Amino acid sequence: MSISAPSAANYGSAYSNTASPTGSTSRGQRGTAALSEEEEKQVEKLKARDSEVRAHEQAHMAAAGGVSVSGPSYSYQQGPDGKRYAVGGNVSIDVSPGRTPEDTLRKAQAIQRAALAPAEPSGQDQAVAAQARQMALQAMAEQAAARQAGNNIEKTYQPQDSTAPALQGRGIDTQA
């Protein structure tokens, strides 16, 4: 997974595009000939990887809620049987701050849940979760600063027992 834009993160699978076919010709070129034992093993590995990658990306999607920008996208490898298998993937997530510190905090928590949703989060997933924790801490600091500013106003503002003296001379009739 990589940050693809300032406002989006891609939660990628823990798998990379490192697998390569053992033969230089594909099943599509070889016709319907039976697979060798080695090719059968490779197909089984590709099937297992495909299942893991899809489950990993679906876990991100399920936890992403409203912060997902798009559905999962996959990178594929063609197996010796001529079929394409997912060997990598990502989910784009909006990581921009919210309009208020409260919105940003909720969004950061959703991003963190989405990043850590798979059973085995990748290193990139963990990095995005750490980034979301920083975003949440910043939002909490902004909330605390706003509360502190509000408390300072309350401490310095001392309402008078009667509003009459404060309003006299301002064109407001204080006598009923």
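Student: What is the relative accessibility of Glu44?

Tutor: Happy to start there, with two notes first: this is a predicted model, in which local features need pLDDT of at least 70, side-chain atom pairs count only at pLDDT 80 or more, and totals for chains, interfaces and linings use all residues. Residues are numbered from 1 along each chain as its sequence is written, and side-chain values use heavy atoms, with hydrogens and water left out. On the scale used here, buried means under 20% relative accessible area, exposed over 50%, and partly exposed in between (1.4 Å probe, protein chains only). Glu44 falls in the partly exposed class, and its relative accessibility is 45%.

Student: Which residue forms a salt bridge with Glu44?

Tutor: A salt bridge here is a side-chain nitrogen of Lys or Arg within 4 Å of a carboxyl oxygen of Asp or Glu. For Glu44, the closest N and O atoms of the pair are 3.9 Å apart. The partner is partly exposed at 39% relative accessibility, and it sits three residues from Glu44 in helix H2, about one helical turn away. That partner is Lys47.

Student: Where do Asp50 and Arg54 lie?

Tutor: Their side chains form a salt bridge, with N to O at 2.9 Å. Asp50 is buried at 11% relative accessibility, whereas Arg54 is partly exposed at 30%. An α-helix has 3.6 residues a turn, so residues three or four places apart point the same way. Four residues, about one turn, separate Asp50 from Arg54, and the element that holds them is helix H2.

Student: What is the distance in Å from the first C-alpha of H2 to its last?

Tutor: Helices (H or I, at least four residues) and strands (E, at least two) are DSSP runs, numbered from the N terminus. H2 covers residues 37-64, which is 28 residues. The expected span is 1.5 Å times one less than the number of residues. That gives 40 Å for H2, and the model comes close to it, at 41 Å.

Student: Which residue follows H2?

Tutor: The buried residues of H2 include Glu39, Leu46, Val53, His60 and Ala64. Just after the helix comes a residue with a positive phi, near 60°. This residue is Gly65.

Student: Which residue forms a salt bridge with Asp103?

Tutor: Asp103 is partly exposed, with a relative accessible area of 28%. The bridge spans three residues within helix H3 (residues 101-115), about one helical turn. The closest N and O atoms are 2.5 Å apart, and the partner is Arg106.

Student: What separation do the C-alpha atoms of Tyr74 and Gly89 have?

Tutor: Tyr74 is part of strand S3 (residues 73-78) and is buried, at 19% relative accessible area. Beyond its neighbours within four places in sequence, Tyr74 has contacts (heavy atoms within 4.5 Å) that include Val53, Arg54 and Glu57, as well as Gly89. Along the chain, Tyr74 and Gly89 are 15 residues apart, yet their C-alpha atoms are separated by 4.1 Å.

Student: In what order do the elements of the chain run from the N terminus?

Tutor: The chain has five helices and four strands, and buried residues account for 30% of its 176 residues. Of the contacts between residues at least 6 apart in sequence, 64% join residues at least 24 apart. From the N terminus on, the order is β-β-α-α-β-β-α-α-α.
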